[in-house]
Structure formats: C-alpha cells, structure tokens
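Biologist: I am new to this structure and would like a close look at a single part of it. Please choose one element, say what surrounds it, and then place it in the rest of the model.

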Amino acid sequence: MTPAISLRGIGKKYRISPSRSSRLEEILSFGKAKRSHEFWALQDINLDVEPGTTLGVVGRNGAGKSTLLSIISGVLRPTTGEVEVEGRLSAIFGIGTGFNPLFTGRENAMLSGLILGIEHEEMVERFDDIEAFADIGEFMDQPIKTYSSGMRSRLGFAVAINVEPDVLVIDEALSAGDSAFKKKAIQRMYDLKDSGSTVLFVSHSMGMVKRFCTEAVLLHKGRLVTTGSPEEVVDHYEEMLAKSQEMKDAGTSKLDKQLDYEIEHEDEDDTPTKDDDLGTPNPRRIVGGAEILGLELLDESGQPADALSSGATLTVRVRLRYDEAMEDSTLGITLQSERAGLEVFSTDTALEGAPLGRKDEGEHAKVDFTFGMPLAPGIYKVDASLTNPQAEDSNVARTQDGATFEITREGALAPVRGLVRLPAKVEIHGPEGRQERPA
Amino acid sequence: MATYTYNGKKSFAGEFFDSLATFYRKRWLLRYFVRRQVTRSYKRSYVGLAWAILGPLIWVFFLTLIFSEVVGLRFREVEDDPTLNFGLFLYCGLLPFMAYSEALTKGLNCIRSNAGLVQKVVFPLELLPFTNAVASLVDKLFGVGALVFFVFVLQHRLHWQVLLLPLIIVLQLLFTLGLTYIMAVVGTYVPDMGEVLRPIIRGTFFLTPILWPPETLPENLRFINDYNPLAYLVGAYRGMILEGTLPGGLATLYFALFSVALFLAGFALFVRVKPGFADHL
C-alpha cells in the first residue's frame, strides 16, 4: 500500500538575522559579512504514514511540530528532502486562520472549500452539514469579525472536517471550543478515522494522544526522536520532560511542581481521558471473574441519551457477564464532572439495598441505576465497577472508558449554580423582637 | 484527486506551466476572488455598486469644473460645448493611469496583506496578484462606461473606434499583470518599497501626457512620450473614446510585445520566489 504521507530526509533551515539592516549589510557585502546564523527547525525527518493512521505529534514548544505539519500541508517548502501526500489534504492551523474577517461565515466556508479545490456546487451541497456541525446559528450570516474565538474555531473545524479529506492535519485547533463541541469534534474525527482518512494531530494533551492516536512521533529540537505506539511515545516524552525539569530546577517548591503539572495537563480537563490517566489517585487492581459488557445511558423514555437538561432523570444501565460463580458482588457506579475533575456522585447496589446475590458462571445481569441529576451544565462521565465484598480493595471488573454525556442548559427546570442543586428551603424572618404578621 | 508532491526536482519550466494551469484548476476560486475584490469597496456602503458609476461621474464633474471653468484650460474643443473639453480629456487620461498606479500599490501589498492565506492555508498564491490586477481593471471599466456615456450624452454620437477599445484593454491587462507580479515580489522582500513607490508614481504622473497634451512637448523631449507605455495607453484611450482615431500600428505592436514580455517576466519571477513567501512574512 502506498503511504498516505511519505517524508524523505526533510529539513528546514531558517536564517536568523538580528535586524533587517544587518541582512542588508550582508547582501551588500556579497556574503562576506556574517551577521546572521542558520537555524535548522527540522532535520533528517523520515516518516511514512499509512492511510487510516491517526498520528499524534508530540514535543515541547519549538520542537518543530508546526513546521513539520506546515511542510506536510504544503504551506512551507522544505529546504531539503521530499514530501509526498496522497489525496485531498485539509489542514487547520490555529483558530479560524485563513478566514477573512469582513466576510460572513458562509462566504468564508465557501472560500475555504474553493481553496481546497472543491467545486462551487459541491460546496453548496455540503453547506447543510457544515452549518449543522458548526452550530453557530444565525452567526453563519454575520461577518467573522463578530465571532468569538470559540465560534471561529467551530466554523474552521466544521469546514475542515466536512470536506471529506483524505488527510486531515490539525494543529492545536481544538483548544478554543467548549467541551460539548470538543466532544462532537472528536466524534467526527473518529468517524473520519473509521472511514480510512489519515489524521495528523498536534496536541499537548497526552490524554488525547493516547486515546485518539494509533501511532505517535516525538519531535525534539527538530529531530524525530521516537516513533511508535502512542503509549511508548508519550512515556518517552514525559520521561524527557521530567528529566529536563529535574535538571533545570532541582529543589523547586512543591507548588512549582504542581503548577508545572497543571500546565502540562491543562487542556486535558475537558477532553475525555482514560480514568487511570490522572483521575483516581489509587487505581484498584482488577482481579477478573466477570466482565462489564456495556454501559448505556438512557433518558426517561428509555432512549439512549448523550445530552440531558439539568434536573432530568438518567438511567445508567450496566450489563454484566459472570465468568465464574460468585457468592455475592456489588456493582457500583460513579459520576464524574469532567470540568471540575471530581467525583460528583457514586452509589452501589449494596448501598441502595438491592443486592445482586449469587451468580453462576456464564450468568448475565442487567442493572439499572436511575436518579435525578440537578447538576450544572457540563460534561459528565459515568464509570461502573464490580467488587467482591470479600475483597473490597480490588475490583472484579471495571469499565475502561465509561460513558460521557452532557448536561445542557436548555430545558433546565431551574438554573443550577455551583455544581449541584441541593434541596433548599428559604424562610424569611422579620427583624429580631418583632412579630411578622401576615397581611 | 489532488496529490501534492514536493521533491525539489521539478524544473523551472514545469513549475511555470504548473502555475499557469492553476488558473484553470482553481477557476472557481478565481471567480470568487475577483468578484469579492470588485465588490469589496462597495460592499459596506448603502448604494453599493452604484458607486462604481457615481464615483467617476463625480470625478468628471469636478475636473471639468476646475480645469475648464476656473483655470480655463481649453485646448480641445468639444462641439457646441467648449466648457466640457478638459474634464473629459483629463478623465480619459486618468483612467489608464489610475489602473497603473493601483496595480503598483495593490500589487505591493497583495502578499503581505494576505499573510493568513500564505502561512496558514495551501493557497495558490499566483491568484492574488491576478485578482488584484483584474479587479482594478474591472473597476476602471465602470469608469470607461461612465465616460462613454458622458461623451454620448454631450456629443450625441460615439466614434466606432470605441468598439476596439476592449482589444487595448486586453493588452493593458497583460501590462498590469506584469507590473503587479513584479510588485508583489518586490513588496514582499523589500519592505521599504512602499516609500519608494510614492515618488515613482507621482513622477510618472507628470511624465505622462495626462495634464498636458503630447503635442506640446518640444522636439528634444519627445522620447518622454515615445518610450512611455503609459503614454501609449493614454493616447489610445483618448483617441478611441474622444477623438475617433486609432493608435498607430507600430506603436501598438511595440506595446503588445512589451506587455507580453513584462507579463512573462513578472510571472516567471513570481513563480520563482513564491516558495519563499511563507518563510519571509
């Protein structure tokens, strides 16, 4: 199979001049006066990316990630080497770049499509999809200059992703969208991935890279250091970061370390992450013996739900299969707020007084947890785990990724401030010493 | 299916023709861009495109008022109405000059002002100067239309030579394109060019017979008119619209050759240095 992207000996050299006039001196002296120095932003990059791969590009700031993606996209020419890209390439660099601020969202979407070489008619046909995906309402017909950065990002992403690219290049373009949009965008990227498109992806969110990519590369000072599975590459990267951190500031305060950690993981907050990435502080051992086959989220009418309004009732349906006979077991679920990064609610069958009882080998079980959610809008994640009451420090089974859903503002019965609405009562008393008398 | 390859081995001729072919491949984009550019200045005003006609009319009115009435310059006699002569004469000369000066100034900035397209998108950059040149010529066509209308209203007849004006405009397009491509390159690599350009444009304004009729040049200064492509254009416009004469055949041939050469040179230069634009901004 011919690779979707093939890079051979790619290098990119820049000349750094202290100022314009010093560059002039250089030219006038026919290269005798050396006022500038060379800087290789990339060197010796060899890489083949098979079609259908999702490649994560990681590295510190200035490692050459954006330069590499620009070269692959054809925006920059490499100083040395060869690039080959098979098929239609769509790239997003930053937020709403390439848009003309004076023209409307619709016009800009059209323009972006035409730039990619899509014909006018075809673009008109795709407009509905783009509009639906961007979901910016009547702003579609307003000039881009009136957009918030989130809206720009939405539109940019909507266009790039709805032109059915064979190769999609994304450089940190997701950082401005809210979590609901991010979720949608990631879903669409999964679809693209499934349909065989190649996705190239720069991110500082290691969770995203691990979750979403099938392969990853690590760039350091313009060179390709590691190529391999996302786990390996991310491990290598984090090791490298830790080392440079140790070298740089041996003995910095705990606060600094905490800040570094938070900065490094900043944009992971509202992207779905594996639950053992940073969430649970003490991940329990999984001993096995049963398997959680599925976890579904249903609304009041029993339909699958991925968005509910504040105050709505949610049913979490967990399907289990016991691989060995068990005297008793407890199924628990936890509800986590992705935004706040903490557990909002958790319960289990024992606590709710509905014991699962003895189960035989091969037996199936379906358990519904139903509860109201007077929660603030945001993304929430549900996980389920099965424990054996005899060995409470280990899990029999646990969901890997759980299920996420969104609490939306629309249709909320009452606004929720803070994270949760607690049942509250207000009584108004008159001033001390005076009896309030109803009129 | 678009497949992008860069291996640094492509010959210069290959890149040149590839760039030319881009105009066909991206014709939708080109159309959109030209339309956008033409309507840009009028888009946000109340009467919109009507300004394209109104603007020149107001020009003609004031030029006539100032030069014929106030200053009293009357070296071209319009039948029955001598007051109009200089305004029309001047405006007719200004049209090709404005197209030229716009080509220079807009060409100079067309890469810099589209930095987003250069650095963030895979954009066929050869379209940018082309769009600018075509749009400013189209804009001047409104002016030509207004002028022809004026002449018809005032003189109640038109010269048949006007019908051949489009041929001159095709040559003028090549001339303008050549200038624009060269300026696009110069403007991107030499930021000081903006300052240099202003005196150049002013100088050519006075060296071209716009304010003065070419016949008034003394014999030893005739070359100012004879070797000036702008003077050819001004003369051709005036002859065909106002006087009913055709430009000389030999002069037209020279101008055509010069325009084609300028276009090819400008385009080749542009194609040559285009890959460096993204690095240079």
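Modeller: Helices here are DSSP runs of H or I with at least four residues, strands are runs of E with at least two, and both are numbered from the N terminus. The model is a predicted one. On that basis, chain B has 12 helices and 1 strand. Along its sequence the strand comes before the helices, in the pattern β-α-α-α-α-α-α-α-α-α-α-α-α.

The part I have chosen is in chain A: strand β6, residues 167-171. A residue counts as buried if 20 or more other C-beta atoms lie within 10 Å of its own. By that test 5 of the 5 residues of β6(A) are buried, so the strand is largely enclosed by the rest of the structure. In a regular strand, side chains alternate between the two faces of the sheet. In β6(A), A:Val167, A:Val169 and A:Asp171 point one way, while A:Leu168 and A:Ile170 point the other way. Both groups are buried.

Next come the strands beside it. Strands of a sheet pair through backbone hydrogen bonds, and the pairing can be parallel or antiparallel. β6(A) is joined to strand β5 of chain A, residues 89-93, by 5 bridges, and the two run parallel. Within this pair, A:Ile92 has A:Ile170 as its bridge partner. β6(A) is also joined by 5 bridges to strand β7 of chain A, residues 198-202, again running parallel. Here A:Ile170 stands opposite A:Phe201, and A:Asp171 has A:Val202 as its bridge partner.

These strands belong to an open sheet of 6 strands in chain A, ordered β5-β6-β7-β3-β8-β9, with mixed pairing. The edges are β5 and β9 (223-228) of chain A; each has a single partner strand, so one side of each is left without a neighbour in the sheet. From one strand to the next the twist averages 15°. Helix α5 of chain A, residues 149-161, lies across β5 and β6, and runs at about 165° to β5(A).

The residue contacts link β6(A) to a core. Beyond its neighbours within four places in sequence, A:Leu200 is in contact with A:Val167, A:Val169 and A:Ile170, as well as A:Leu55, A:Val57, A:Leu69 and A:Ile72. A:Leu200 and A:Val57 touch the most other members of the largest nonpolar core, which has 137 residues. The largest share of that core comes from chain B: helix α4 (residues 85-109) supplies 13 residues. Apart from this core lies another, of 27 residues, which includes A:Leu308, A:Met373, A:Ile379 and A:Val416.

Another enclosed element of chain A is helix α3, residues 105-115, where 9 of the 11 residues are buried, so it too is largely enclosed by the rest of the structure. Among the buried residues of α3(A) are A:Asn108, A:Met110, A:Leu111 and A:Ile115. After α3(A) comes A:Gly117, with a positive phi near 90°.

Chain A also has an open sheet of 3 strands, in the order β11-β13-β16, with antiparallel pairing. Its edge strands are β11 (290-298) and β16 (364-372), each pairing on one side only. Neighbouring strands in this sheet are turned by 20° against each other on average, direction ignored. Between β11(A) and β13(A), residues 313-322, there are 8 bridges. In this pair A:Leu295 stands opposite A:Val318.

Back in chain B, 37% of the 281 residues count as buried. Of its contacts between residues at least 6 apart in sequence, 74% join residues at least 24 apart. One helix pair can serve as an example: the axes of α6 (residues 127-155) and α7 (residues 165-189) of chain B come within 9 Å and cross at roughly 140°. The two helices are therefore oblique to each other. Their crossing is right-handed. Among the residues making the contact are B:Leu128, B:Phe130 and B:Leu137 of α6(B), and B:Ile169, B:Leu173 and B:Tyr181 of α7(B).

Definitions and conventions. Residues numbered from 1 in each chain as written. Chains lettered and ligands numbered in written order. Predicted model: local features only at pLDDT ≥ 70, side-chain atom pairs only at ≥ 80, totals over all residues. Buried ≥ 20, exposed ≤ 12 C-beta atoms within 10 Å, placed from the backbone. Contact = placed C-beta atoms within 7 Å. Core = buried A, V, L, I, M, F, W, Y, C linked by C-beta atoms within 7 Å. Pairing = 2+ DSSP bridges. Axes fitted to C-alpha atoms, helices over the stretch in contact; angles between N-to-C directions. Parallel < 35°, antiparallel > 145°, perpendicular 65-115°, else oblique. Left-handed = near helix turned anticlockwise from the far one by under 90°.
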